[in-house]
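Me: I would like a close look at one part of this model. Please take a helix pair and describe how the two helices meet.

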Amino acid sequence: MRLTITLLILIYTGFAAYSQEVDLLRLGYDATTLQSRQQGMAVSPDGKTIAFLYEDRTVKIFDVSIGRFTKNFKVPFDNLFDAQLSSNQQLIFVEGKVVHVIDLKTESEITQFPLEAEATKISFSGKHNLLAVGQKEGYVAVIDLKAQKEIFKTQYKKHHVSALAIHPDGKKLIVGVMSFLKSNNPLKQYDLTTGKEIGESSGGTFTMAVYNETGDKLIVSGLNSLGTKSIVQVWDANTYKMVKSLESEFFVATITANGGVYANNKLLALTASRSFNVYDENSGSAVFTTKSDKWRFSGYPGMGVGSFNIFPLDKENDTFFLNASGNNINQIYDLKSNSIIAYFYSDSNDDFAIVSKDGRVDGTANALAKVFWTTRLTTQRTMLESSMEKGFTPRLFNVVLNEESTSMANFDVDHAVSKVPVLTVKSIGDKPYSANAAITTNQKKSSVTVEVTENATEVTEVRLYQNAKLMKLVTGTGAKTYTFDLSLSSSFGEENFFFVNAGSKNGVDAEKAKFTITYKGATEEKPTLYLITVGINKYKNQKYNLNYAEADANGVESSIKKSSSGIFKNIVSYSIRNEKALKSNILAALDDVKKKSLEQDMLVVYYAGHGVMAGESAADKEFYIVPTDVTQLYGREDMLKDKAIAASSLKEYAQSINAQKQVFILDACQSAGALETITERGAAEEKAIAQLARSTGTFWITSTGSNQFASEFEKLGHGIFTYALIEGINGKADTNNDKKLTVRELSTYIENKVPELSEQLKGTAQYPSGYSFGNDFPLVVYK
């Protein structure tokens, strides 16, 4: 006990000695919700591509320029040690005693290189396409990835390689092996051309060696001669003499730097405990830390061993990508602001979430519901999805890389959470409710009362969701309780899943108060499909005319009618084309569905025409679909309010229509005469649609809309988006061949097929979006 207490004091005082920035944003997720743990990641030398590798052998490729995953494939690895991305689109990964090289274009292995022993350390030069692999027993191999051959091999004593660095000129290599017992081993430098040893340092215990940008300095870390302190030192790379000591304060190996990168007079390093520390050569001290308190000491046989990569994301070496948590959450560190400016969570399925340090979020619905903030003083968890209304920012990864980092404020989790309302279910029907209680009933009608146990005056609105769809919304009054009537259904089976949440004045929603009621009443009759298709080729202002919108709407209507007839009692179709596509006619169709539909029914709305973001100020901007008689898309907000259909109007219909299964598909393009840039319009539209999907609990699948060109090709007879949509409905999206097409399957197919198709036809790349905050359900059942 005495040793433990002393050790904790040593660690604490070591950190306290520095006036350094500490990463305070606390993120977490429930590990049981993961499909697979992240095992490695790598960034290409130009910073434009990131590869993520997972335990289930999945590899996902993230394109930084568009902020999306573009590839997802399997690679047969069992015990991944390290991964790198070359400048010529190759993924290199090391497992055990083998180096594998994968071509990202073909997603297949090009070649592999056997090693003498298991890998212990990696050094990679993207500039020279060189991979150095340190191994057990002191073996070292250097592979020229461009020439696809091994160019250097040596063995330096029979201890594992613990420090390894390729010189910036690509011609020299520094190697260190772990000291054992009383033997202190020097760092040795080799000439990669001749294979000869050309220099060595004095003896020491080294866990890391990295060069600065020019190669005239060598930064080393390890233990002092007594093995009682970790050291970080700057050496003259030619004389191996210490120029400056950056650290000699902490206790031994758990917080010894094991890998890193040197940029702009600063060392960015990952320690054995996976703490991320930044050392400033000018001040001679640590200036930033994630302050990991995890104790990981594997003894001398494991010192310096592992993958501790920190990758630059830009040419100026200002931003870096790393994993300082050892899990599925990665970090972006910014040198200018000396802070972690964003976090990137991903899973081996389609899930990902990005969080900036000021609290903005981006990602898939599932990921935003899995990842949470935690506070210092409580056990309360606040899911990222709670910030959708206030902080959702499409393509956030690109945004944080391109904006001025020093002006980004910190998101004060504790303050924000302290103002968020807390809801609990008080009673169902006339009976008090206890958490997770099993409720079964034959009665179709019931009610729920929720209590606001904290911050009742902060409530702006309270929302009831059934099977993920918004059913009712009431304005906050400051009251302590709110009551909703319930109508039970067997639309998704006997179990009816409910939750109530609340908006708050600070923009962060309350956590969901959940309950489930099993309905044993009469089974509803077979559902009806209400199908509204709108296609506008001809606008009153002819410069807005489109080529394929009418054909697209006809094709979608035909495909759905043909493929969906087996699961519906009846299909009620509303075909609205060209000059008939007026606001009054479109809303009349929605009103008719609102009047006739039952809970078990389905609504599908397809729109092909113009879409636009408009508003007198940034706060007032709203997405509109544009009927045929709108003669000016920009600069006439009064005309849009009068003749176009706003997203807020669609939200009201989505809520008030009884059908619990709803899908909105928008192939909405924009005029090239827009006032804002294409990127600004696209991001604003994506945000509006995503927030609409989340607030209503409905499915929205959208084309490129305003952020890319909706490339239309005469070869297809349709726009690319709708061509892929029709292909998917006709059977190609049923990738698991279960003769059933769900909305998520269709959305996934479109998101993968459209970029592929547009690339094949050599048009401008088109990347559609699917926002699925509702429950999944079959759209088609094939015979």
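Reply: What follows covers one helix pair, then a sheet elsewhere in the chain numbering.

The model is predicted. Helix 11 spans residues 720-732. Helix 12 spans residues 743-760. The two pack at an angle of about 130°, and their axes lie 9 Å apart. Angles over 145 degrees count as roughly antiparallel, and 65 to 115 as roughly perpendicular. Helix 11 and helix 12 are therefore oblique to each other. Their crossing is right-handed.

Now the residues. Helix 11 brings I720, F721, Y723, A724, L725, E727, G728, I729 and K732 to the contact. Helix 12 answers with L746, Y749, I750, K753, V754, L757 and S758. By class, the contact residues divide into eleven nonpolar, two polar and three charged. E727 and K732 of helix 11 and K753 of helix 12 are among the residues in contact, and Glu and Lys count as charged.

Next, the sheet. This open sheet has seven strands, in the order 15-16-17-18-19-20-21, and the pairing is antiparallel. Strand 15 (161-166) and strand 21 (242-247) stand at the edges. Each has a single partner strand, so one side of each is left without a neighbour in the sheet. Neighbouring strands are turned by 35° against each other on average, direction ignored.

One pairing shows the detail. Strand 17 (residues 185-191) runs antiparallel to strand 18 (residues 197-211), and five bridges join the two. Q189 has G199 of strand 18 as its bridge partner.

Technical notes
Residues numbered from 1 in each chain as written. Predicted model: local features only at pLDDT ≥ 70, side-chain atom pairs only at ≥ 80, totals over all residues. Heavy atoms only, no water. Axes fitted to C-alpha atoms, helices over the stretch in contact; angles between N-to-C directions. Helix = DSSP H or I, 4+ residues; strand = E, 2+ residues; numbered from the N terminus. Parallel < 35°, antiparallel > 145°, perpendicular 65-115°, else oblique. Left-handed = near helix turned anticlockwise from the far one by under 90°. Contact = heavy atoms within 4.5 Å. Pairing = 2+ DSSP bridges.
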